Amino acid sequence: MDIFAHALWTGIGMTVARRRVHITPGTVAQTVGLATVPDLLHLLPIIGWWLAGDGSIAVVQAYAIAVPGQEPALPPLVNLWSHHLHCITHSAVVAGAFTLLLWATLRSLWMPLLGWWSHIVIDLFTHSADYYPVQVLYPLSDRSFNGLAWNTPWFLMLNYVLLGGAILWLLMTRSAKLPGPDTNRKN
């Protein structure tokens, strides 16, 4: 799925969750941010190549919006780093280890990690074997699920229609805010 849709779906999910439990705006922002990070991190080697080498902003843009089979040519090392960063940030094994480490440290779930997890789950089904396949068990396995490429025109349109419908539904069903922690206190 594209990065903007990841942010929107996570924002919608957090809005629904905020209707049921108290979640701070900072936590919402962190969760939405972590939902976008996996698609940003694997661009770093390409951006670094542009800034410090022979790359160009046009190549960065072409890579970011490329369709299967039309990705721009990259130097082998840049391509290798970008590929492995994509695999690392889309791996349930890596996210699971990070989640367990934080759980052991904090003794609770750090809610913003749900943004990262939502990204992995969504991309598992919205990336094809031809278009940045999600190797969910990386580094244990390089196998991936052959889902439907998110940039397939009819699917892209459907996704944004559903996003629009979900946002409209949220606006139409707005409810009173949950009481804050001090609401029940007597003065």
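## The second largest pocket

Let's start with a hollow in this predicted model. The second largest pocket has a volume of about 320 Å³. Its lining is made up of 17 residues, and those that lie nearest the centre are Asp2, Ile3, Asp39, Ala64 and Trp150. Two elements give two or more residues each to that lining: α2, which covers 25-41, and α4, which covers 57-64.

What kinds of residues line the second largest pocket: nonpolar, polar or charged? The split is 11 nonpolar, four polar and two charged.

## The helices

Now for the protein as a whole. How many helices and strands does its secondary structure come to? There are eight helices and zero strands. Read from the N terminus, the order of elements is simply α-α-α-α-α-α-α-α.

## Dimensions and contacts

If you follow the C-alpha trace along its principal axes, the protein spans about 65 × 40 × 35 Å.

Take the contacts between residues at least 6 apart in sequence: 64% of them join residues at least 24 apart.

## Inside and outside

The protein has 187 residues, and 36% of them count as buried. Here buried means that a residue has under 20% relative accessible area.

As for the outside, the protein exposes about 11,300 Å². Carbon and sulfur atoms supply 70% of that exposed area.

Key
Residues numbered from 1 in each chain as written. Predicted model: local features only at pLDDT ≥ 70, side-chain atom pairs only at ≥ 80, totals over all residues. Heavy atoms only, no water. 1 Å grid on protein atoms, 1.4 Å probe; cavity = no way out; pocket = protein on both sides within 12 Å on 5 of 7 lines; lining within 4 Å. Points joined across faces, edges and corners; volume = space filled by probe spheres on them. Helix = DSSP H or I, 4+ residues; strand = E, 2+ residues; numbered from the N terminus. Nonpolar A, V, L, I, M, F, W, Y, C, P; charged D, E, K, R; others polar. Buried < 20%, exposed > 50% of the residue type's maximum accessible area, 1.4 Å probe, protein only. Contact = heavy atoms within 4.5 Å. Areas by Shrake-Rupley, 256 points an atom, 1.4 Å probe, with all protein chains shown as cover.
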